[in-house]
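Here is a report on one protein chain and its ligand. Have the 3D view ready as you read.

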Amino acid sequence: MSTAATDTVGIDRLADHIRGEVVRPDHPDYDDARSVWNGSIDRYPTAVVRCADIEDIRQGLAFARTNDLPVAVRGGGHNVAGFGTCDDGIVLDLRRLNQVTVDPARRVATAGPGTIGAEFDEATQAHGLATTMGVMSTTGVAGLTLGGGIGWLQRAYGLTCDSLLAAEVLTADGELVRASEQDDPELLWGLKGGGGNLGIVTSFEFALHEVGPDVLCGLTAWSADDTADVLRHLRDIGPTLPDEITPIVICRTAPPAPFLPEEVHGQPIVAVAGCYAGPIAEGEEVLAGLRGFGNPVGDAFAVRPYTAFQRMFDASWDPGFQNHWKAEYLAHLDEDAIEVFARYAVGHTSPLSDFKIGMMGGAIARVGETATACPHRDAPFVLNINTRWEDPEESARHVAHTRRLFEEAQEASAGGVYVNFLGDEGADRVRHAYGEDTFARLQALKRRWDPDNVFRLNQNIPPVADRAGTSAHGVTPG
Ligand SMILES: Cc1cc2nc3c(=O)[nH]c(=O)nc-3n(C[C@H](O)[C@H](O)[C@H](O)COP(=O)(O)OP(=O)(O)OC[C@H]3O[C@@H](n4cnc5c(N)ncnc54)[C@H](O)[C@@H]3O)c2cc1C
């Protein structure tokens, strides 16, 4: 454990002046407060400020700046690189700021920076409305939106950031500004993909779309021996599928789920999951081709509340486990790529791991390549390798396996990576996520809003030329 030389008097004063709570190492909640979703991250901040309002955020930020301490901003705490915590710095934990208000007439929702997907969906679905959230309901709306936002509604309504209408932002200088098409379109552009680089978003305003409340949704599973055929099938029928469906292929070990026969439990499977964001009868017809293919070992498609589908995969993704992730946009699923995925689909090193291939296109591709700071709009697929395991002693084996799959999948790379699936992989990979033009435009915004790089615990856009190969936490890039 590293310890900070702490300005104890200053921290006492901060604790006295805020409505929320300051959690220091001697607090009984400290271990809980310092931890994030990824159990591989073990950091010891000087203090975690559980903010109760914007003034708390401002004071916490000012304290960190005055004492020259690093600042970690935490929404849902899901970032796999662990940017929601830090060593010897101040964590601004915004989780308590989770209010969502909905204006059904205007079809607009306003969400606090600590909102998670489940809370957003609950509030908006009360009016039969939704915006693309992540594929699990526990991810923070803040980090999800600021990095782009992939989810089950993406081909119908775009990435989460595509529905972002406006945001209130606390700048590095403690000023509250508004970003919108009217107020500051360039800042709004940067918030749609640029991560937490430009300031602390204190409120998000989203356009909403009609969804559900009941939808046809679920997954069909086959033996992992059928992976090549399933991928070929998806590749071939993909272009004929309407935007209402976003199929995601999941290669994993079968859980003891009731829709799977017992002999399949613990065996590798390949599944295609999705949710039809349109009339149920239409969905039945469209999905017949996807679900009826080959010899499935189980089918869990059903009409359910959209909010239930959003929670369907949560149980497999509890916090606290070890994680190593690698990701890349894919340009195609050619026979070489299919051979690689089929081989790895039967060779997981941990029953907790999976890798997913999500279908892009639809509304995502209709947004121009430079219209947001989240590029790679033409990539037809996104690969996300989510290796998870329990015992930290076994890390080397799982990390090596992940890297091998990632390397072998490179032949299908579309030449970029989705920034929210990046680990702490160094400056070159951040550039890979944005591409040179978007990176340069974000760098100009960074110079305007955060010239001292106060907000650097993120996939960092340095205001000036970066040192290639370094990572935000100074660890060896993965
Ligand atoms: C189980 C799991 C499932 C996931 N599923 C998906 C998915 O379906 N689709 C997808 O696109 N991604 C997904 N992700 C990735 C996820 O989008 C990113 O990890 C994202 O960064 C998480 O946001 P957060 O608020 O939960 O995380 P945090 O760790 O709290 O924050 C992430 C980053 O955003 C910054 N940040 C947070 N709040 C603010 C704010 N208010 N203002 C400015 N900066 C802020 C932080 O500083 C940090 O750099 C998933 C991650 C996990 C662990």
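## Around the ligand

What kinds of residue make up the shell around the ligand? In this predicted model, the shell divides into 17 nonpolar residues, 18 polar residues and one charged residue. In total, 36 residues surround the ligand. The closest are G75, G76, G140, G143 and G196.

Which element gives the most to this shell? The answer is α5, with five residues. Helix α5 covers residues 141-147. Two strands also supply at least two residues each: β3 and β10, the latter at 200-207. The shell also draws on two domains. Domain 1 (8-93) and domain 2 (100-210) each provide at least three of its residues.

## Two domains in contact

The domain assignment of the protein chain gives domain 1, residues 8-93, and domain 2, residues 100-210. Their centres, taken over C-alpha atoms, are separated by 23 Å. How many residues does each domain bring to the contact? Domain 1 brings 12 and domain 2 brings 15.

Look at the side of domain 1 that touches domain 2. Helix α3 gives the most to this side, with five residues. By type, this side of domain 1 has six nonpolar residues, five polar residues and one charged residue.

## The four-strand sheet

Now to the sheets. Strands of a sheet pair through backbone hydrogen bonds, either parallel or antiparallel. One open sheet has four strands, in the order β1-β2-β4-β3. Its pairing is mixed. Why do β1 and β3 each have one side without a neighbour in the sheet? Strands β1 (21-23) and β3 (71-74) stand at the edges, and each has a single partner strand, so one side of each is left open in the sheet. From one strand to the next, the twist averages 20 degrees.

Take one pair from this sheet. Strand β2 spans residues 47-50, and strand β4 spans residues 90-93. The two pair in the parallel sense, over four bridges. Find V49: its bridge partner in β4 is L92. Now find helix α3, residues 54-66. This helix lies across β2, β3 and β4. It runs at about 170 degrees to β4.

## The five-strand sheet

Another open sheet has five strands. Their order is β5-β6-β10-β8-β9, and the pairing is antiparallel. Which strands form its edges? They are β5 (100-103) and β9 (176-180), each pairing on one side only. Here the twist averages 15 degrees from one strand to the next.

Strand β8, residues 164-170, pairs with β9 in the antiparallel sense. Five bridges join the two. One example is A166, whose bridge partner in β9 is S180. Helix α4, residues 117-125, packs on this sheet. The helix touches β5 and β6, the latter at 108-111. Its direction makes about 30 degrees with that of β5.

## Two backbone details

Most residues other than glycine have a negative phi, and most peptide bonds are trans. Two spots in this chain are worth a look against that background.

Where is D68? This residue lies in the loop between α3 and β3. Its phi is near 55 degrees, a positive value in a residue other than glycine. The second spot is the bond between G212 and P213. This peptide bond is cis, with omega about 5 degrees. P213 is found in the loop between β11 (209-210) and β12 (214-223).

## The chain as a whole

Step back to the full protein chain. How many helices and strands does the chain have? There are 14 helices and 19 strands. Along its principal axes, the C-alpha trace spans about 65 × 55 × 45 Å.

Does the overall size suit a compact globule, and what is the test? A compact globule of 478 residues would have a radius of gyration near 23 Å. The protein chain has 22 Å, which agrees.

Terms used
Residues are numbered from 1 along each chain as its sequence is written. This is a predicted model: local features need pLDDT of at least 70, side-chain atom pairs count only at pLDDT 80 or more; totals for chains, interfaces and linings use all residues. Two strands pair if DSSP finds at least two bridges between them. Axes are lines fitted to C-alpha atoms, for helices over the stretch in contact, and angles run from 0 to 180 degrees between N-to-C directions. Two residues are in contact if their C-beta atoms, placed from the backbone, lie within 7 Å. A residue is near a molecule or strand if its C-beta atom, placed from the backbone, lies within 6 Å of it. Ala, Val, Leu, Ile, Met, Phe, Trp, Tyr, Cys and Pro count as nonpolar, Asp, Glu, Lys and Arg as charged, and the others, Gly among them, as polar. Domain bounds come from an automatic or database domain assignment. The radius of gyration is taken over C-alpha atoms; the globule rule is 2.2 Å times the number of residues to the power 0.38.
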